[in-house]
Amino acid sequence: MANINIKLVKSLNGRIAAHKATAAALGLRKIGDTTVQPDNAATRGKIAQIGYLLQVTEEQ
């Protein structure tokens with residue numbers, strides 16, 4: 001199964017609570033934090049919600 005590298009590149013300050021909660025669910029707390037998540041529908045949905053805050057790369 002493929003994985004996705006996710007990096008938080010914009011601040012969570014001033015964002016709506018739901019977007020902060022989504023970032024926390026991905027394990028992202030501050031700018032520069034990175035996480036590796038499985039490539040599935042749940043992860044893709046989280047990325048779709050807060051994609052404007054993230055840099056996403058796919059592992060092979």
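Colleague: When are two strands said to pair, and what makes strand 1 and strand 3 a pair?

Modeller: Two strands pair if DSSP finds at least two bridges between them. In this predicted model, strand 1 and strand 3 are joined in the antiparallel sense over 5 bridges. The threshold is at least two bridges, so they count as a pair. One position to look at is Leu-8, which stands opposite Leu-54 in strand 3.

Colleague: How do you know that strand 1 and strand 2 pair?

Modeller: Strand 1 (residues 3-8) and strand 2 share 5 bridges in the antiparallel sense, and at least two are required, so the pairing holds. Within strand 2, Thr-35 is the bridge partner of Ile-6.

Colleague: Why do strand 2 and strand 3 stand at the edges of the sheet?

Modeller: The open sheet has 3 strands in the order 2-1-3, with antiparallel pairing. Strand 2 and strand 3 (54-58) each have a single partner strand, so one side of each lacks a neighbour in the sheet. From one strand to the next, the twist averages 25°.

Colleague: What packs on the sheet?

Modeller: Helix 2 (residues 41-50) does, touching strand 1, strand 2 and strand 3. The direction of helix 2 makes about 25° with that of strand 1.

Colleague: Why are the buried residues of helix 2 said to line one face?

Modeller: The buried residues are Thr-43, Ile-47 and Ile-50. Viewed down the axis of helix 2, they fall within an arc of 85°, so they line one face of the helix. These residues pack against strand 1, helix 1 (17-25), strand 2 and strand 3. Turned away from the buried side is a face that carries the exposed residues Ala-41, Ala-42 and Ala-48.

Colleague: What makes Asn-40 a cap of helix 2?

Modeller: A side-chain oxygen of Asn-40 lies 3.2 Å from the backbone nitrogen of Ala-42, at the N-terminal end of helix 2. A polar contact requires N or O atoms within 3.5 Å, so the distance of 3.2 Å meets that limit.

Colleague: Why is Ile-4 called buried?

Modeller: Ile-4 lies in strand 1 and has a relative accessible area of 0%. Buried means under 20%, so Ile-4 qualifies. Leaving aside residues up to four places away in sequence, Ile-4 touches residues including Thr-35, Gln-37, Thr-43, Ile-47 and Val-56.

Colleague: How many residues along the chain lie between the positions of Ile-4 and Glu-58, and what separates their C-alpha atoms?

Modeller: Ile-4 and Glu-58 are 54 residues apart along the chain, and their C-alpha atoms are separated by 4.5 Å.

Definitions and conventions
Residues are numbered from 1 along each chain as its sequence is written. This is a predicted model: local features need pLDDT of at least 70, side-chain atom pairs count only at pLDDT 80 or more; totals for chains, interfaces and linings use all residues. Side-chain values use heavy atoms; hydrogens and water are left out. Helices (H or I, at least four residues) and strands (E, at least two) are DSSP runs, numbered from the N terminus. Axes are lines fitted to C-alpha atoms, for helices over the stretch in contact, and angles run from 0 to 180 degrees between N-to-C directions. Contact means heavy atoms within 4.5 Å. Buried means under 20% relative accessible area, exposed over 50%, partly exposed in between (1.4 Å probe, protein chains only). The arc is that of the directions from the helix axis to the C-beta atoms. A polar contact is a pair of N or O atoms within 3.5 Å; within protein, one must be able to donate a hydrogen and the other to accept it, and residues adjacent in sequence count only if both atoms are side-chain atoms.
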